[in-house]
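New notebook page. I want to get my bearings in this one before chasing details.

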Amino acid sequence: MKTAAVLGMQVTEMSEEEKHSMGIKYGLKVVHSQPVQLYDPNINEGFIITKVNGTPIKSFQHFEELLKGKDGVMLGGIYEDGTHDHYYFET
């Protein structure tokens, strides 16, 4: 699994088993958060990022591509308990 620091967070790819247990087909999991770049500083570890600017992310590489060259980024996703949230970032 890949892990990288992005937007003040440490994110990692999810296993197929993790995605299946949550009923999702794609997503990156926040494993550590120091949200210095967040408009909403309440993003927590365990948040599953499923979309960037409304586009479903298919892989870690796709996630990185969607972030390149953006002035602002909106991340969408869910928490492991099923609650949905959106977070806004400045890159």
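**Entry 1: the layout.** I walked the protein chain from the N terminus and wrote down its elements as β-β-α-β-β-β-α-β-β. That comes to two helices and seven strands. Note to self: this is a predicted model.

**Entry 2: whole-chain numbers.** I looked up burial next, and 40% of the 91 residues in the protein chain are buried. For the accessible surface I got about 5300 Å², with 47% of it belonging to carbon and sulfur atoms. Then I checked how far along the sequence the contacts reach. Taking contacts between residues at least 6 apart in sequence, 42% join residues at least 24 apart.

**Entry 3: the core.** Which residues touch the most other members of the largest nonpolar core? I found Met9, Ile49, Val52, Ile57, Phe63 and Leu75, out of 18 residues in that core. I also listed the elements that give two or more residues to this core: β2 (9-13), β3 (28-33), β4 (48-52), α2 (60-67) and β6. The largest share is from α2, which puts in four residues.

**Entry 4: isoleucine 49.** I picked this core member for a closer look. Skipping residues up to four places away in sequence, I noted that isoleucine 49 touches Met9, Val11, Gly27, Leu28, Val30, Ile57, Phe63, Leu75 and Gly76. Several of these names were already on my core list, among them Met9, Ile57, Phe63 and Leu75.

**Entry 5: helix α2.** Where do the buried residues of α2 sit around its axis? First I wrote them down: Phe60, Phe63, Leu66 and Leu67. They cover an arc of only 120° around the axis, so they are on the same side of α2. Just after the helix I ran into glycine 69, which has a positive phi, near 70°.

**Entry 6: threonine 83.** My last stop was a loop residue: threonine 83 is between β6 (72-78) and β7 (84-90). Is threonine 83 buried, partly exposed or exposed? Its relative accessibility is 39%, so I put it down as partly exposed, given that buried means under 20% and exposed over 50%. Leaving out neighbours within four places in sequence, I found threonine 83 in contact with Gly77 and Ile78. I also checked its distance to phenylalanine 47: the two are 36 residues apart in sequence, and their C-alpha atoms are 9.4 Å apart in space.

Methods. Residues are numbered from 1 along each chain as its sequence is written. This is a predicted model: local features need pLDDT of at least 70, side-chain atom pairs count only at pLDDT 80 or more; totals for chains, interfaces and linings use all residues. Side-chain values use heavy atoms; hydrogens and water are left out. Buried means under 20% relative accessible area, exposed over 50%, partly exposed in between (1.4 Å probe, protein chains only). Contact means heavy atoms within 4.5 Å. Accessible areas come from the Shrake-Rupley method with a 1.4 Å probe; for residues, only the protein chains shown count as cover. A nonpolar core is a set of buried Ala, Val, Leu, Ile, Met, Phe, Trp, Tyr and Cys residues joined through side-chain atoms within 4.5 Å. The arc is that of the directions from the helix axis to the C-beta atoms.
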